[in-house]
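Please open the structure in your viewer, with the residue selection panel at hand. The stops that follow say what to select next and what is to be found there.

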Amino acid sequence: MAARTPAPLILALHGLPCATGIVALRARVIEDLVAQAPDVIVVEAEPERFDAPALIRALRERDEFNRTPILLVAEGEARALRRLAREVGASDVLTKPFDALELQDRVGVLIELASARADSARRALAMRRDAAQALADAAAREREIIRRLMLAAEFRDDQAGDHLTRVAGCVIAVAEGLGLSGAEADDVALASTMHDIGKIGVPDHILRKAGPLTPDEWVEMRQHALRGYRMLHDSPSRLLQIAAEVALTHHERWDGTGYPRGLKGEEIPRAGRIVAVADVFDALISARSYKPAWPLEKARAHIEAESGRHFDPACVAAFLSRWDDIVALVQERAA
């Protein structure tokens, strides 16, 4: 059964004393109005007894009444009263003397205005909710795409899953240490899980090789940065664009000796500089077929020693400032 639409509440104010205590009285009137939440307010001006303009101004200063239709009823010259109504914020003015039918018509118009505004507000709220839901759905789809790409990387390298998780956690610690917001840190961390997505194109005999790579094999291996970028860069997704940036630049070095472009210093995007620290640290503490895992303190000392050479000094400082959190992360998901 459809809900019944409540009848509009019209509150008429007139004949209120204007003597001592008017400010306190006006405050009590306004509080009464707040409690009753009228759809339309009719204020009758009686210069000898009630300061109607001051009340209307006070009502308009309240959030509850800044759009409530207010009808000012007063004696005087019509043009002057319309000017006064505009100045104080009244929606309409009715000049005395008037008959009951005229008052009824004016109030009816204001009721329709109030109803139209309420409907408009409800539609606007529904549109905002729909837009928020659409954004949430789009964000969920982006994260699902990223998760699937992570799975693709894990299929090529069975060690990738834990490595990506630890790198993402370390990225959050460094990003927050740099002063990034939680949302910004989360975005870079999520993007970091695709930093090696380009390795999908690296042949197995190179990707899984137990010993050191030959110079030619290193050339092929280094192509993963460009391949990852090409896979991701033209996506309209903001997260995938960050991921493309990270894939391309996480092997650049602060001193300009990295690859694939030899970028230097702040030419390297911040996300790439953050991921570089996290990626190298986790690679050091992880055992590989060609090397044993480093102890945490040795890996930390290496990161600190490479500040200003391999790594952005600010990122290293942030890394060190969050060391306890990083150790807890590694202990929770041991390499």
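Select Arg-322 and Glu-176 in this predicted model, and show their side chains, which meet in a salt bridge with an N to O distance of 3.2 Å. Arg-322 is in the loop between α12 (313-321) and α13 (323-332), whereas Glu-176 belongs to helix α5 (residues 160-177), so the pair ties together parts of the chain that are 146 residues apart in sequence. Glu-176 has a relative accessibility of 32% and therefore counts as partly exposed.

Keep Arg-322 in view and add Asp-325, since the side chains of these two residues also meet in a salt bridge, here at 2.6 Å from N to O. Asp-325 is partly exposed, its relative accessible area being 39%.

Move next to Arg-253 and Asp-255, which form a salt bridge in which the closest N and O atoms are 3.8 Å apart. Arg-253, with a relative accessible area of 23%, is partly exposed, and Asp-255, at 29%, is partly exposed as well. If you add Glu-306 and Arg-309 to the selection, you will have a single network of Arg-253, Asp-255, Glu-306 and Arg-309, joined by salt bridges that share partners. How many salt bridges does the structure hold? The total is 17.

Now turn from side chains to helices. Two packed helices are described by the angle between their axes and by the distance between those axes. Select helix α6 (residues 182-192) together with helix α9 (residues 238-249), whose axes come within 8 Å and cross at roughly 60°. This angle falls under the 65 degrees at which roughly perpendicular begins, and the two helices α6 and α9 are therefore oblique to each other. Their crossing, that of α6 and α9, is right-handed. To see what makes the contact, display Asp-187, Leu-190, Ala-191 and Ser-192 on the α6 side, and Arg-238, Leu-239, Ile-242, Ala-243 and Val-246 on the α9 side. Coloured by character, the residues of this contact of α6 with α9 divide into six nonpolar, one polar and two charged.

Leave α9 selected and replace α6 with helix α10 (residues 270-285), for the axes of α9 and α10 come within 8 Å and cross at roughly 55°. That angle makes α9 oblique to α10, and the crossing of α9 and α10 is right-handed. On α9 the contact is made by Ile-242, Glu-245, Val-246 and Thr-249, and on α10 by Ala-271, Gly-272 and Val-275. The residues of the contact of α9 with α10 divide into four nonpolar, two polar and one charged. Ile-242 and Val-246 deserve a second look, as they are listed in the contact of α9 with α6 and again in the contact of α9 with α10.

From here, follow the chain into the loop between α9 and α10, where Pro-260 lies. The peptide bond from Tyr-259 to Pro-260 is cis, with omega near 10°. For another cis peptide bond, select Lys-96 and Pro-97, where omega is near -5°; Pro-97 has its place in the loop between β4 (92-95) and α4 (100-156).

Continue into helix α4 and pick out Glu-112, which is exposed, with a relative accessible area of 59%. With a distance tool set from C-alpha to C-alpha, Glu-112 and Asp-39 are 10.0 Å apart in space, although their positions lie 73 residues apart in sequence as a separation.

The next selection is Ala-210, in the loop between α7 (204-207) and α8 (215-232). Is Ala-210 exposed or partly exposed? Its relative accessible area of 48% makes Ala-210 partly exposed. Which residues is Ala-210 in contact with, leaving aside its neighbours within four places in sequence? They are Ser-289 and Tyr-290, and of these Tyr-290 is 80 residues from Ala-210 in sequence but 5.5 Å from it in space, C-alpha to C-alpha.

To finish, clear the selection and show the chain as a whole. Its secondary structure comes to 13 helices and four strands, and of its 335 residues 40% count as buried. Among the contacts in the chain with a separation of 6 or more, 62% are accounted for by residues 24 or more positions apart.

Notes. Residues numbered from 1 in each chain as written. Predicted model: local features only at pLDDT ≥ 70, side-chain atom pairs only at ≥ 80, totals over all residues. Heavy atoms only, no water. Axes fitted to C-alpha atoms, helices over the stretch in contact; angles between N-to-C directions. Parallel < 35°, antiparallel > 145°, perpendicular 65-115°, else oblique. Left-handed = near helix turned anticlockwise from the far one by under 90°. Contact = heavy atoms within 4.5 Å. Nonpolar A, V, L, I, M, F, W, Y, C, P; charged D, E, K, R; others polar. Salt bridge = Lys/Arg side-chain N within 4 Å of Asp/Glu carboxyl O. Buried < 20%, exposed > 50% of the residue type's maximum accessible area, 1.4 Å probe, protein only.
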